[in-house]
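I opened this model to look up its fold, its core and a few single residues. My entries follow in the order I made them.

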Amino acid sequence: MNAPANLSKVGQLRLRDGEVCWLCGGKLDFAAPPGSRKAPTLEHLVAKANGGGNGLDNLVLTHPGCNKHLADKPRQEKLRIRAKWQANQAGIAAARQVRADTPVEDGGNKGRQRAQVHTAQLRGKLRRWQLATVIASGAALLATGLAAGLAIAR
Ligand SMILES: [Zn+2]
């Protein structure tokens, strides 16, 4: 932590913590215009409003949005939010890993086959329904004709 004194606080924190947001772990863009979405901001773990200092021991880098989210919450609350966030991220990463481990070819084919079977079943159902409709309307027509014939015969 003996960063060159001529480095800005952001520069020193970048050296100390890397180029990621303290809260969400997402990449910070040090070339982005200040205040833009991925630009680094100085987050006071103990908020200035709560007497937090400007020393590096009280500072971390975050996205502007993440900084706003942390706001003036007590330091313990910020640490809790961060732990929760990281647990969520770990869960998402684990789920992604499971998906990544599933062979895409297999999964894709099975999915397509299932879809084809389903479509074939639907078509079969439709055909049976159409046939039933034709038979029913034929029978109705026959009955009408029969009734008409009977009426004429009388
Ligand atoms: Zn962030």
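**Leu79 and its helix**

I started with Leu79, which I find exposed because only 12 other C-beta atoms lie within 10 Å, and the cut-off for exposed is 12 or fewer. I note that this is a predicted model. Leu79 sits in helix α3. I then checked Leu79 against Leu23. The two are 56 residues apart in sequence, yet their C-alpha atoms are 8.7 Å apart in space.

Next I looked at the helix itself. How many residues does α3 have? I count 27 residues, from 75 to 101. From first C-alpha to last, α3 reaches 39 Å, close to the 39 Å expected at 1.5 Å a residue. I also looked up how well α3 is covered. It is hardly covered: two of its 27 residues are buried.

**Whole chain**

I stepped back to the whole chain. I find four helices and two strands. Read from the N terminus, the order of elements is α-β-β-α-α-α. Of the 154 residues in the chain, 11% are buried. I also looked up contacts with a separation of 6 or more. Residues 24 or more positions apart account for 52% of them.

**The two strands**

In which sense do β1 and β2 pair? I find them antiparallel, over four bridges. Strand β1 covers residues 41–44. I looked up one bridge by name: Thr41 has Thr62 of β2 as its partner.

Then I checked which way the residues of β2 point. Leu59 and Leu61 point one way, and Val60 and Thr62 point the other way. I find all four residues named here buried. The general rule is that side chains in a regular strand alternate between the two faces of the sheet.

**The core**

Which residues form the largest nonpolar core? I list 10: Leu13, Cys21, Trp22, Leu23, Leu28, Leu59, Val60, Leu61, Cys66 and Leu70. Two elements give two or more residues to this core, β2 (59–62) and α2 (64–70). The largest share, three residues, comes from β2. In soluble globular proteins, nonpolar side chains tend to be buried together.

I picked Cys21 from this core and looked up its contacts. I left aside neighbours within four places in sequence. Cys21 is in contact with Gly26, Leu28, Leu61, Thr62, His63 and Cys66.

**Two loop residues**

I turned to Ala71 next. Ala71 lies in the loop between α2 and α3. Its phi is near 45 degrees, a positive value in a residue other than glycine. Buried or exposed? I find Ala71 exposed, because it has 11 other C-beta atoms within 10 Å.

My last entry is Ala32. Ala32 lies in the loop between α1 (9–17) and β1. Ala32 has 14 C-beta neighbours inside 10 Å, so I count this residue as partly exposed. I also looked up what Ala32 touches. Not counting residues up to four places away in sequence, Ala32 touches Lys38 and Ala39.

Terms used. Residues are numbered from 1 along each chain as its sequence is written. This is a predicted model: local features need pLDDT of at least 70, side-chain atom pairs count only at pLDDT 80 or more; totals for chains, interfaces and linings use all residues. A nonpolar core is a set of buried Ala, Val, Leu, Ile, Met, Phe, Trp, Tyr and Cys residues joined through C-beta atoms within 7 Å. A residue is buried if 20 or more other C-beta atoms lie within 10 Å of its own, exposed if 12 or fewer, and partly exposed in between; C-beta atoms are placed from the backbone. Two residues are in contact if their C-beta atoms, placed from the backbone, lie within 7 Å. Two strands pair if DSSP finds at least two bridges between them. The expected span of a helix is 1.5 Å times one less than its number of residues.
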